[in-house]
Every structure is written in structure tokens, then in C-alpha cells.
Amino acid sequence: MTGLEIIIRLDNDRRLYYPGERLTGEFHIESLSLVEPQAIELSALWYTEGQGDEDLAVHHFERFAKDNGSLADARRPRRFSTTLPNSPLSYDGILVRIFWCARVRVFLAGGKEMVAEEPFRLGDVPRVMVATAEEETAP
């Protein structure tokens, strides 16, 4: 156990965004011990799950590290902001799903790392509904 907790908050507790909108929020590390991160990475990214190859692409990336002086106090809240792209839109299909999230990775001494994600949806694509056999044969 590291005694660290990663906190990610999207502004206004929003979960639905549209292409071209700004994704804004903040993150910080709550530490219950003397463990200090060596580096922290923030990303806004999308990834797929489902049949076939799973894809992942990073839309926005920031790195803060002790070795270059950009990580003075990991407990201090850090703001982030990025304009969201036109695609891919969040999608809950039968064969594939596309997820968006803000992700924070914390790198500790000894090669250990912790990850936290705050999901959100890009676009308002309706979820795919699967018809049951009864619905398909109904008059």
C-alpha cells in the first residue's frame, strides 16, 4: 500500500461533452505517508473495448517531474484544459465500445505506478439496444 490517492475532478461535475467544447478540471494527490511521486502524467484519451484489436489514442498530455522541477508539490491541485476533438465519439455498440477519460498516472520510486481515471462521454450517440427474440417476433 502506498498511502496515495489520486483525485480527478471535472469542472461542474459534467459527464457529457460535445466536439469543440473545453474539457476542464483539476487533479491532485492525497498522501497519507511520506511517499513522494517521481513524476505525474495527465492525459485526456480514448480507448476501445470489444472484438478485434483494442485501440488507445492520447488527445492531450502533460508531464510533471521532479527531475526537471515541474513537480514541486504533488498535493497542490493542478488545473487542466483542452479542446475536445470532433471524433471519435463515445459509443456503446454490440461489438465495440469507445470510452473517453481523463487519466492521471503517478510514478513512484522503484518503478511502481498508480493510475486513476475520470470517465466522460464525447457526443451524445445513443446506446445500441439489442432486440430480444420476443421483440423480434412481436406483431
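Mentor: Helices (at least four residues) and strands (at least two) are DSSP runs, numbered from the N terminus. Keep in mind that we are looking at a predicted model.

Trainee: Thanks! How many helices and strands does the protein chain have, and in what pattern do they follow along the sequence?

Mentor: Counting those runs gives 1 helix and 9 strands in the protein chain. Reading along the sequence, you meet them in the pattern β-β-β-β-β-β-β-β-β-α.

Trainee: What share of the contacts with a separation of 6 or more comes from residues 24 or more positions apart?

Mentor: Take the contacts in the protein chain whose partners have a separation of 6 or more, then pick out the pairs 24 or more positions apart. Those pairs account for 65%.

Trainee: And what percentage of the residues count as buried?

Mentor: A residue is buried when its relative accessible area is under 20%. Out of 139 residues in the protein chain, the buried share is 38%.

Trainee: Let's go inside, then. Which strand gives the most to the largest nonpolar core?

Mentor: As a general point, nonpolar side chains in soluble globular proteins tend to be buried together. Here the largest nonpolar core has 26 residues, and Ile8, Leu23, Phe27, Ile40, Phe80, Val104 and Val106 have the most contacts inside it. Two or more residues come from each of strand 1, strand 3, strand 4, strand 8 and strand 9. The one that gives the most, with 5 residues, is strand 8.

Trainee: Phe27 caught my eye. Which residues is it in contact with, beyond its neighbours within four places in sequence?

Mentor: Phe27 is among the residues with the most contacts inside the core. Setting those neighbours aside, its partners are Ile7, Ile8, Ile40, Leu42, Phe64, Arg76, Pro77, Arg78, Phe80 and Val104.

Trainee: Now for charges. How many salt bridges are there?

Mentor: Side chains of opposite charge can pair when their charged atoms come close. The cut-off here is a side-chain nitrogen of Lys or Arg within 4 Å of a carboxyl oxygen of Asp or Glu. By this rule the count is 11.

Trainee: Take the salt bridge of Arg63 and Glu41: which of the two counts as buried?

Mentor: Their side chains meet at 2.7 Å, N to O. The pair links distant parts of the chain, with Arg63 in strand 5 and Glu41 in strand 4, 22 residues apart. Arg63 has a relative accessible area of 43%, so it is partly exposed. At 11%, the buried one is Glu41.

Trainee: How many residues apart in sequence are the parts tied together by Glu49 and Arg97?

Mentor: The side chains of Glu49 and Arg97 meet in a salt bridge of 2.9 Å, N to O. Because Glu49 lies in strand 4 and Arg97 in strand 8, the pair ties together parts whose separation in sequence is 48 residues.

Trainee: What about Asp92 and Arg121: are they buried or exposed?

Mentor: These two form a salt bridge of 3.0 Å, N to O. Asp92 has a relative accessibility of 16%, and Arg121 has 17%. The cut-off is under 20%, so Asp92 and Arg121 both count as buried.

Trainee: Last one: which side chain does Glu118 join in a polar contact of 2.4 Å?

Mentor: Glu118 lies in strand 9 and is buried, with a relative accessible area of 16%. Beyond its neighbours within four places in sequence, its contacts include Ile8, Leu10 and Cys101. The polar contact of 2.4 Å is with the side chain of Arg15.

Note on methods:
Residues are numbered from 1 along each chain as its sequence is written. This is a predicted model: local features need pLDDT of at least 70, side-chain atom pairs count only at pLDDT 80 or more; totals for chains, interfaces and linings use all residues. Side-chain values use heavy atoms; hydrogens and water are left out. Buried means under 20% relative accessible area, exposed over 50%, partly exposed in between (1.4 Å probe, protein chains only). A nonpolar core is a set of buried Ala, Val, Leu, Ile, Met, Phe, Trp, Tyr and Cys residues joined through side-chain atoms within 4.5 Å. Contact means heavy atoms within 4.5 Å. A polar contact is a pair of N or O atoms within 3.5 Å; within protein, one must be able to donate a hydrogen and the other to accept it, and residues adjacent in sequence count only if both atoms are side-chain atoms.
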